[in-house]
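Visitor: Could you walk me through this one and tell me how each label is earned?
Guide: Sure, let's put it up first.

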Amino acid sequence: MNGIINVYKEKGYTSHDVVAKLRGILRQKKIGHTGTLDPQAEGVLPVCLGNATRLCDLLTDKTKEYEAVLRLGVTTDTQDMTGEVLSEAPVTVSEDDITNIMSTFKGKILQVPPMYSALKVNGRKLVDLAREGIEVERKAREIEIYELEILEINLPLVRFRVNCSKGTYIRTLCQDIGEKAGCGGAMENLIRTRVDRFEIKDALTLEQIEQVRDDRRLDEILYPVDDVFLHLPAVTVKNEFRKVIDNGNSLYPKMYEPRVEFYTDEKKTPAQLRVYNEDKIFYGIYVYDTERRRFKPYKMFLDKEALKEKYGKEYF
């Protein structure tokens, strides 16, 4: 199978666990996830199957949305409540104080990645080093908090929603808010509610996916690869030029319809296209080559073997 399944990762599972279990459920080896989610966190984890695994890095880069609970007055070595408590302090800030403090974290900010993370330094994961009692210096990285909305305050707990860029650690955000409040803070709970277009209301648990498999309805929950790129203009390559895309070559304007802009904004950002043939088969994403003035392959998703099996070897 080729496509994406919107999995609801339950607490206690690692992202790797989810992939391993799906390989058994779907009886398919080529499966990859789109970014780690802590074992104690739950929520949306898009999983890519077959040629959709080429999407994994692209989906990792997409914006994400979370609902989190911050516990003020405590710090831990993991920045969440699963870790060893390092300090405790009375919470003296008011609800208004917390509202004002959290508003300062909107926009582009610098964040130091936590030691308990999957980031690698010299080939080793920081979390493995942390478990050995080794702490290494980490450089602050720029992230962006697009939205930060307080949903409920019941001190010392604060429940909030955050829409953020890739590379954002909500545990670290909780700790930084607590530090600014003067009493420390740690993440109590985390639910990922959205990754790009994949929302929690549509996510399925592993048990539900297994039931769908037994009901022979897997096609109903499998998102096509090109669904991820619906924001890009689509073009159809004329049949007389189909061999060009069959062989993964570049496209010139006379080869496709409709006509499209070569740039997406005033800064002359090269345009990207969704490319199909006249049989409405999705080939992949092409990007404009500003020097040679043509569209060249960027990410190709065509499964030639599957198409040969479906249409016959003479299709190519």
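**How the labels are earned**

Guide: The protein chain has nine helices and 18 strands. Keep in mind that this is a predicted model. Along its principal axes, the C-alpha trace spans about 75 × 50 × 40 Å, and 48% of the 316 residues count as buried.

Visitor: Let's start with charges. What makes Arg-138 and Glu-135 a salt bridge?
Guide: The closest N and O atoms of Arg-138 and Glu-135 are 3.3 Å apart. A side-chain nitrogen of Arg within 4 Å of a carboxyl oxygen of Glu is what the term asks for, so the pair qualifies. The structure holds 19 salt bridges.

Visitor: And why is Glu-135 called exposed?
Guide: Its relative accessibility is 62%. Exposed means over 50%, so Glu-135 gets that label.

Visitor: How do you know that Arg-161 and Glu-147 form a salt bridge?
Guide: Same kind of check: the closest N and O atoms are 3.1 Å apart, and the limit is 4 Å. Arg-161 lies in strand β11 (residues 157-164) and Glu-147 in strand β10 (residues 141-154), so this pair ties together parts that are 14 residues apart in sequence.

Visitor: Are the two partners, Arg-161 and Glu-147, buried or exposed?
Guide: Arg-161 has 15% relative accessibility; buried means under 20%, so Arg-161 is buried. Glu-147 has 35%, which falls in between the 20% and 50% cut-offs, so Glu-147 is partly exposed.

Visitor: Which residues are linked with them in a network of salt bridges?
Guide: The network links Glu-65, Glu-147, Glu-149, Arg-161 and Arg-194.

Visitor: What makes Arg-213 and Glu-210 a salt bridge?
Guide: The distance from N to O is 3.7 Å, and the limit is 4 Å, so the pair counts. Both residues lie in helix α6 (residues 206-214), three residues apart, about one turn of the helix.

Visitor: Why is Arg-213 called buried?
Guide: Arg-213 comes in at 18% relative accessibility, and buried means under 20%, so the label fits. Its partner Glu-210, at 33%, counts as partly exposed.

Visitor: On to the surface. Which residues gather in a patch of negative charge?
Guide: Glu-240, Glu-257, Glu-278 and Asp-279 gather there. Asp and Glu count as negative, so the name of the patch follows.

Visitor: What makes Glu-257 accessible enough for a patch?
Guide: Glu-257 has a relative accessible area of 49%. A patch residue needs over 30%, so Glu-257 passes. But exposed means over 50%, so Glu-257 is still labelled partly exposed. Its place is in strand β15 (residues 256-257).

Visitor: Why is Glu-152 called partly exposed?
Guide: Glu-152 sits at 42% relative accessibility, in between 20% and 50%, so that is its label. Glu-152 lies in strand β10. The C-alpha atoms of Glu-152 and Glu-95 are separated by 9.9 Å, with their positions 57 residues apart along the chain.

Visitor: Now inside. Which residues touch the most other members of the largest nonpolar core?
Guide: Phe-160, Val-162 and Ile-170 do, in a core of 28 residues. At least two residues each come from β4 (64-72), α3 (95-103), β10, β11, α5 (170-181) and β12 (185-195). The largest share, five residues, is supplied by α5.

Key. Residues are numbered from 1 along each chain as its sequence is written. This is a predicted model: local features need pLDDT of at least 70, side-chain atom pairs count only at pLDDT 80 or more; totals for chains, interfaces and linings use all residues. Side-chain values use heavy atoms; hydrogens and water are left out. Patches are made of residues with over 30% relative accessible area and no salt bridge: like charges are joined within 9 Å, nonpolar side chains (Val, Leu, Ile, Met, Phe, Trp, Tyr) within 5 Å. Accessible areas come from the Shrake-Rupley method with a 1.4 Å probe; for residues, only the protein chains shown count as cover. The place of a charge is taken as NZ of Lys, CZ of Arg, CG of Asp or CD of Glu. Helices (H or I, at least four residues) and strands (E, at least two) are DSSP runs, numbered from the N terminus. Buried means under 20% relative accessible area, exposed over 50%, partly exposed in between (1.4 Å probe, protein chains only). A nonpolar core is a set of buried Ala, Val, Leu, Ile, Met, Phe, Trp, Tyr and Cys residues joined through side-chain atoms within 4.5 Å.
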